[in-house]
Amino acid sequence: EFSKIQSLAPSLPLQEDFVYHWKAITHYYIETSDDKAPVTDTNIPSHLDQMLGILLQEEREREFGVTGPCMEYLLHHKILETLYTLGKADCPPGMKQQVLVFYTKLLGRIQQPLLPHINVHRPVQKLIRLCGEVLATPTENEEIQFLCIVCAKLKQNPYLVNFFLENKLKSLASKGTPDVISEDSLKGQDCLSTDTGQSCQPEELSGAMGLEHTELEDEPPQQIDDLSTSLDNLAVTSLPEATVVRPNQDYNLVNSLLNLTRSPDGRIAVKACEGLMLLVSLPEPAAAKCLTQSTCLCELLTDRLASLYKALPQSVDPLDIETVEAINWGLDSYSHKEDASAFPGKRALISFLSWFDYCDQLIKEAQKTAAVALARAVHERFFIGVMEPQLMQTSEMGILTSTALLHRIVRQVTSDVLLQEMVFFILGEQREPETLADISRHPLRHRLIEHCDHISDEISIMTLRMFEHLLQKPNEHILYNLVLRNLEERNYTEYKPVCPEDKDVVENGLIAGAVDLEEDPLFTDISPDNTLSNQEWLSSSPPATPEHPKNDGKTEVHKIVNSFLCLVPDEAKSSYHVEGTGYDTYLRDAHRQFQDYCAICLRWEWPGSPKALEKCNLEATFFEGHFLKVLFDRMGRILDQPYDVNLQVTSVLSRLSLFPHPHIHEYLLDPYVNLASGCRSLFSVIVRVVGDLMVRIQRIPDFTPKLLLVRKRLLGLEPEGPIIDHITLLEGVIVLEEFCKELAAIAFVKYHTSSTP
């Protein structure tokens, strides 16, 4: 009787006690006639608890690593195999739950490594297969706890994962070792029609339970436990199994977790995602290969990304996409009722962004080859399969929403491997110089750059913002593909060898043959107050050092700075009339941002000085590339386009000029570079704008007072009043003046930093 347990003398040796509890469980199956009573009405749970307690006590009383007689008994008599079979049959009802709890506690609490034992890892593997078969079952909670403890054990000893990669073909081929044939391969030989849920015949059940003679060949047949006989008398209905077509090599731990990520219970799904995160990070190459080639992990990630993306409304306000709070995949618990800032589609947007965050984190944690395979799957199945058609459409609303979503995930991505795939998706992999004829070679890149100059200002601004954030990402290919590949040969310059008589000019800080802008007709009326004397700039510049002599071919910094500061004529300047709009703020910002860019670019091993002109192919036709072409075209229209567009265009250009590459510095920030004929640089584009401005100023009465009023309104120092004529032009002039101050500050900071040894 089960009640005997209370009257047992505590002095019984542990092993007898342990065997007693196990026999009590097996006798239940021999003696019971009512197999419909739930397990909680029996003493089975209590006996299992006692067995676990005895194993823990035995381990505490022994030296670490020494297996005691109770554990030997559990392993030798294949108790876990038998429990697995009872759990699978769920006999009595609720037994599966008890078995899962027993396995979980055993693996979690016993200190010595159990998984290397075949009589542990084989039944554990079989039990893993029972998990996640049916969603929303009463045992889901116990299933996920069990799977997570197995994952945790593998994290401690990654080599153990090899026990959980089953190769069916190999096992069927290895004749003479029938005990390693995985259960799925036996299914063809018995009547376990588990997917139909039909009753199993009693004589086959003992086979399915792992109690056939092949598995017990170490014991004479007459000594086999009575349990197998008693099971012949029990007609046990097996739980229905999900029919899954599986590849040759099974990684059931992953398959079961994948099933549970679909659980309607959010906590279970998150736990399953955490389990997968542990498994992808295991360093074992065989496991990584199996994970990406023999499981549906890639499909799960990408299919869910695709379905969540497709569930978004056709149009979402770009501002909502940009400002929706940072998403953490494990905390996707959004409640519409409690949200004051709700908008249509917010629930769907948060679900999409949080799943994207999960994919990003998973790839970041994953073993290297697994990370690459997962990221490529996201590229092919989601970026190209789902996002690209949306970005290539012609509906303005569709373009705006899909570009805003692209912008958001560009900002959000943190995994280097996923970022690389995203960059290849947006820009393509080309690294050779662009030509005007092949700018549409990567259609998406071409389309997005064209969108920077779209008839819709909203689309232009959104696309420019996306590129601005892309340029801040730590990936060398971005800047190389967009800009650097076209500056590689410095064929925007005209090479003039230095004559001996020009040597003294170079030493005085001028490049031979360079035009002195202060003698340029555009700059004849420069007020001395607006420039800084050579002395002031030189005092701010560091002294020449042996490593960085002043005549290293760099134009003196004060010349460059004054060239930018003097570009805008006096009558078109308004900042010195308004407090706090000086040049110092730009210097501080440029210094901070330049440090950030230097930190990002450090590992790209860029050269410290430009490629020697003698080694450059100056004969090649120069094309600034599609990206700079569009930016320069827009910059050339600064006096005729909206204020917000101008702010965004100049913002992207100042970002570009911050990069610490000598060719970028020369092309974007050196006014004294000898441009080859037909080439334009940022400085030459601005000079042309200023020429146009000086003509147009003449036609506008009270130009300077109007300009000042517009500046004060933009700064909020004046209330909005009547509409001012030529408002677009006036706002454009203000942006132009500020941009020139910003470029001067960047040039100064870059010179200062690179001259400091």
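The paragraphs below lead through a predicted protein model, from its overall make-up to individual residues. Because the model is predicted, local features are reported where pLDDT is at least 70 and side-chain atom pairs where pLDDT is 80 or more, while totals for chains, interfaces and linings use all residues. Residues are numbered from 1 along each chain as its sequence is written, and side-chain values use heavy atoms, with hydrogens and water left out.

The protein contains 34 helices and 2 strands, both taken as DSSP runs numbered from the N terminus (H or I over at least four residues for helices, E over at least two for strands). Of its 757 residues, 52% are buried, where buried means under 20% relative accessible area, exposed means over 50%, and partly exposed lies in between, with a 1.4 Å probe and protein chains only. The accessible surface comes to about 33900 Å², and 53% of that surface belongs to carbon and sulfur atoms; these areas come from the Shrake-Rupley method with a 1.4 Å probe, and for residues only the protein chains shown count as cover. Among contacts (heavy atoms within 4.5 Å) between residues at least 6 apart in sequence, 78% join residues at least 24 apart.

The interior can be followed through the largest nonpolar core, which has 214 residues and in which Phe146 and Tyr251 touch the most other members. Such a core is a set of buried Ala, Val, Leu, Ile, Met, Phe, Trp, Tyr and Cys residues joined through side-chain atoms within 4.5 Å. Helix α34 supplies the largest share of this core, with 16 residues. Around Tyr251, leaving aside residues up to four places away in sequence, the contacts include Val161, Phe164 and Leu165, and also Leu279, Leu282, Ala287, Cys290, Leu291 and Thr295.

Charged pairs come next, and a search of the whole structure finds 27 salt bridges, each being a side-chain nitrogen of Lys or Arg within 4 Å of a carboxyl oxygen of Asp or Glu. One of them pairs Lys105 with Asp49, whose closest N and O atoms are 4.0 Å apart. Because Lys105 lies in helix α6 (residues 95-109) and Asp49 in helix α3 (residues 44-60), this pair ties together parts that are 56 residues apart in sequence. Both partners are partly exposed, Lys105 at a relative accessible area of 26% and Asp49 at 46%. Glu737 and Arg711 form another salt bridge, with closest N and O atoms 3.1 Å apart. Since Glu737 belongs to helix α34 (residues 727-755) and Arg711 to helix α33 (residues 703-714), this pair ties together parts that are 26 residues apart in sequence. Here Glu737 is buried at 4% relative accessibility, and Arg711 is buried at 3%. Elsewhere, salt bridges that share partners join Glu624, Lys629, Asp633 and Arg680 into one network.

The cysteines offer no covalent cross-links of the disulfide kind, since the search finds 0 disulfides, a disulfide being a pair of cysteine sulfur atoms within 2.5 Å. For Cys296, the closest cysteine sulfur is that of Cys298, at 9.5 Å, which is too far for a bond, and Cys296 is partly exposed at 42% relative accessibility. Cys601 is likewise in no disulfide, the nearest cysteine sulfur, in Cys598, being 6.9 Å away, but Cys601 is buried, with a relative accessible area of 5%.

A polar residue with little accessible area is Arg445, placed in helix α22 (residues 443-451) and buried at 3%. Its side chain makes a polar contact of 2.7 Å with the side chain of Asn481; a polar contact is a pair of N or O atoms within 3.5 Å, where within protein one must be able to donate a hydrogen and the other to accept it, and residues adjacent in sequence count only if both atoms are side-chain atoms. Beyond four places in sequence, Arg445 touches Ile426, Leu427, Glu434, Asn481, Leu482, Arg485 and His626. His626 leads on to helix α29 (residues 626-636), which is largely enclosed by the rest of the structure because 8 of its 11 residues are buried. Those buried residues include His626, Phe627, Leu628 and Arg634.

Finally, Asn328 is found in the loop between α17 (318-323) and α18 (346-365), and is partly exposed at 42% relative accessibility. Apart from neighbours within four places in sequence, Asn328 is in contact with Ser354 and Asp357.
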